Every structure is written in structure tokens, then in C-alpha cells.
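Me: Please take a close look at a single part of this model, the five-stranded sheet, and describe how its strands are arranged and what surrounds them.

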Amino acid sequence: MTSPEKPQADRFPNGSDAFPHKHLLGISGLQPWEILYILDQAEEWVALNRSGASKHDDRLAGLTIINAFFENSTRTLLSFEIAGKRLGADVVNMHAAQSSVKKGETLIDTAVTLNAMRADAIVIRHGSSGAVQLISEKVDCPCLNAGDGQHEHPTQALLDALTIQRRKGPIERLTITICGDVLHSRVARSNIFCLKQLGAEVRVAGPPALLPDALDRFGVETFSNFEEALPGSDVVMMLRLQNERMNGDFIPSPREYFHLYGLEEARLALARPDALVMHPGPMNRGVEIASNVADNLDRSAINEQVEMGVAVRMACLDILTRKARRVEGWS
Ligand code: CP
């Protein structure tokens with residue numbers, strides 16, 4: 001993997017002067033310089049978000065953003081809502097549990113209905129892999145994937161990359177270990193794509209039953225023994241056990257899982273002395289991570305990940321609505 005080039009001020013290595021994607025469906029398909037461009041833009045929103053009382057920029061004024069969530073969410077839904085509002089957009093949330101989906105309306109009919117309301121961007125979370133792509137083919141505006149089944153969660157990977165870059169510097173020099181329920185994790189897939197594109201060494205650890213067979217294809221090293229993966233790790237990213245996606249028993253018991261794969265202090269000591277601890281949330285405390293590790297602010301970036309989520313989502317909404325706003329070029 002060669003080092004990713006940074007874009008020349010306002011132009012990409014491919015010669016384009018506009019972001020070449022209408023939608024954000026996944027990290028797969030994004031070039032390294034496109035990822036870095038989003039991170040650079042998000043960095044500016046971090047500064048605005050930390051600026052005190054006036055956290056507003058009205059560049060999306062007059063635009064309507066619909067957050068259509070067919071699965072539960074705290075972080076992603078609220079941060080997309082805050083992101084849209086800080087940029088001046090009108091933001092409305094559709095929770096499937098209180099919508100006509102409950103009366104049997106199909107996904108496509110729902111998408112066509114949202115489209116008829118002339119949304120300028122639709123943010124979608126859905127339990128089925130590929131559902132966001134399907135919706136993107138039925139609507140006129142940009143669609144942003146807020147997590148689809150076991151497929152991708154691109155803004156989570158982008159906010160994780162921003163968090164890592166801010167704490168550790170360029171990602172291309174880092175060794176990052178991802179541990180847990182990789183099989184069911186869209187967060188793991190998007191992070192593997194993103195971190196590999198940015199040149200990191202990525203290690204993946206977990207019980208064999210929770211590691212997909214095809215991981216080697218993505219250029220990651222796999223470990224069934226978590227402790228063997230940790231030495232030399234700059235970042236340890238823990239994943240949630242996704243009980244809601246498990247069909248059958250994948251682990252003997254939560255207690256046994258913690259014994260073998262839980263991140264507790266003694267195990268963290270095997271990684272680099274300054275290794276950063278991450279978790280996308282929500283956490284199962286005492287199952288994949290010990291509370292004293294999660295809450296150790298010297299080591300844990302979990303709250304910072306949430307903060308970066310707002311900035312990354314502001315960047316994504318800004319970039320993908322430039323065509324609707326007739327903004328030329330990259331900014
Ligand atoms: N990390 C994440 O996607 O969290 P939520 O499910 O709360 O959005």
C-alpha cells in the first residue's frame with residue numbers, strides 16, 4: 001500500500017474539481033485522498049463545534065434533511081440531527097417504529113414517499129445490508145448510510161479515523177487492533193476498509209466463530225488469541241457483541257467471553273504504553289471492555305469518538321449537498 005496523497009489545495013489527484021460521489025454508501029469505493037479530504041473538512045467543524053456559544057454556519061439554510069432510521073440509534077441519529085441543524089438545515093427524523101412501515105409499507109414505497117417530499121439529503125439506518133443502496137436508486141437526492149445490516153457504517157469509520165489521526169498523527173504509521181464480534185459488525189468492515197486505505201497495519205482478533213472466513217482478502221492479520229494481537233498496537237478498538245444479530249449461540253457466556261477477549265488493564269498493558277482505547281458504543285461493560293479501562297480518560301477516546309461524529313457528519317452533509325446548493329469546486 002502506498003502512502004495516500006493529500007489533495008492539492010482544491011483539486012484531487014484524478015483532476016476532478018468536485019467530489020465524485022453523489023451518495024455515501026460505504027467506505028469501499030472511496031479513494032484515500034477522498035477519505036482524507038472528508039477528514040480535513042471535518043477538522044474545520046471540530047473547531048467550530050468547540051468555539052463556544054455560536055456553533056452555527058448557515059450554509060445549508062433552506063435545505064431539508066430526513067433522517068430515516070429503521071433501527072435504534074443514539075449517537076448516529078442525534079449527531080446527524082445536530083450536524084444538520086448546526087449547518088442551518090431543516091432536519092426531520094423518521095423513526096420506523098412510529099411510521100407506516102409498521103402498517104406494512106415497503107422499503108421502496110417508503111423511499112418514494114420521502115423523495116416526493118423533496119428532501120435534499122436522506123440519512124438512512126436499516127437492518128438489512130444493501131437497503132441504503134436500494135433506496136439511493138429510488139430517490140433524487142444524496143443518501144448517506146448511517147449503518148446497513150452487517151454491511152457498512154461509513155461515518156463511524158470516518159469519525160474513528162479522525163479521532164485516531166488527531167491523537168496519533170498520520171494513520172499510515174500505525175498498528176490498529178480491532179477485537180470482538182467482527183462477523184456481525186458493519187463498524188469493523190468500514191474501519192478495515194478505511195484504515196487499510198490510509199495505510200495502517202490492521203489486526204483483527206476474536207473468537208473464531210465471530211471472525212468471517214474471508215478476512216485475509218482485506219489484507220488484515222487475524223488472531224483467535226487476543227493477547228497475541230496486542231503487542232505493538234497503537235490503537236485497540238473494541239467491538240460490541242451484537243446479540244440482536246446472532247442467530248444461535250456464538251459465545252459460551254458473557255463471563256467467559258470477557259475472560260478471553262475483554263479489554264481489562266492487564267491485557268491493555270500488552271499493547272504500546274500509550275495505546276489508545278476505542279469503542280463505537282453502545283458498550284457492554286464487563287463483557288467486551290472493563291469499566292475502569294473505558295472510563296480512563298488518559299487512554300480512552302470513546303467520548304472523543306462521539307464528539308468527532310458531529311464534525312464528520314457536518315463535513316459529509318456539506319460535501320454531498322454542494323450540488324444542490326450550486327457550490328462549485330470543493331469548498
Ligand atoms: N456507534 C453507533 O452507531 O451508535 P448508535 O447505534 O447509538 O448510533
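Reply: The account below begins with the sheet and then turns to its helices, the cores and the rest of the chain.

The model is a predicted one. Five strands make up the open sheet, and from one side to the other they follow the order β7-β6-β5-β8-β9. The pairing within this sheet is parallel. Strands β7 (221-223) and β9 (276-278) occupy the edges; each has a single partner strand, so one side of each lacks a neighbour in the sheet. On average, and with direction ignored, neighbouring strands here are turned by 20° against each other.

At the β7 edge, three bridges link that strand to β6 (residues 201-205), and the two pair in the parallel sense. One residue pair can be named: V204 has T222 in β7 as its bridge partner.

Two helices may be described together with the sheet. Helix α5 (residues 154-168) packs on the sheet and touches β5 (175-179), β8 (235-238) and β9. The direction of α5 makes about 165° with that of β9. Helix α6 (residues 186-197) lies across β5, β6 and β8, and runs at about 170° to β5.

The side chains lead to the nonpolar cores. In soluble globular proteins, nonpolar side chains tend to be buried together. The largest nonpolar core of the model has 67 residues. Those with the most contacts inside this core are L144, L158, I164, I171, I176, I178 and L317. Helix α11 (residues 302-320) gives the most to the core, with ten residues. For I164, neighbours within four places in sequence being left aside, the contacts are G169, I171, L174, I176, L195, V235, M237 and M278. There is also a second, separate core of 24 residues, which includes L210, A229, M238 and V277.

The chain has another sheet, which can be set beside the one described. This open sheet has four strands in the order β2-β1-β3-β4, again with parallel pairing. Its edge strands are β2 and β4, each pairing on one side only. Neighbouring strands of the four-stranded sheet are turned by 15° against each other on average, direction ignored. Strand β1 (residues 64-69) pairs with β2 (residues 90-95) in the parallel sense over six bridges, and I65 has V91 in β2 as its bridge partner. On the side of β3 (residues 121-126), five bridges join that strand to β1, and the two run parallel; here N67 stands opposite V123. Strand β1 is mostly covered, with five of its six residues buried.

Finally, the whole chain gives the setting for these parts. It has eleven helices and nine strands. The radius of gyration is 20 Å, close to the 20 Å that the globule rule gives for 331 residues, so the chain is as compact as a globular protein of that length. The C-alpha trace spans about 55 × 50 × 40 Å along its principal axes. Of the 331 residues, 54% count as buried. Among contacts with a separation of 6 or more, 74% come from residues 24 or more positions apart. The chain exposes about 14,500 Å², of which carbon and sulfur atoms supply 47%.

Notes. Residues are numbered from 1 along each chain as its sequence is written. This is a predicted model: local features need pLDDT of at least 70, side-chain atom pairs count only at pLDDT 80 or more; totals for chains, interfaces and linings use all residues. Side-chain values use heavy atoms; hydrogens and water are left out. Two strands pair if DSSP finds at least two bridges between them. Axes are lines fitted to C-alpha atoms, for helices over the stretch in contact, and angles run from 0 to 180 degrees between N-to-C directions. Contact means heavy atoms within 4.5 Å. The radius of gyration is taken over C-alpha atoms; the globule rule is 2.2 Å times the number of residues to the power 0.38. Buried means under 20% relative accessible area, exposed over 50%, partly exposed in between (1.4 Å probe, protein chains only). Accessible areas come from the Shrake-Rupley method with a 1.4 Å probe; for residues, only the protein chains shown count as cover. A nonpolar core is a set of buried Ala, Val, Leu, Ile, Met, Phe, Trp, Tyr and Cys residues joined through side-chain atoms within 4.5 Å.
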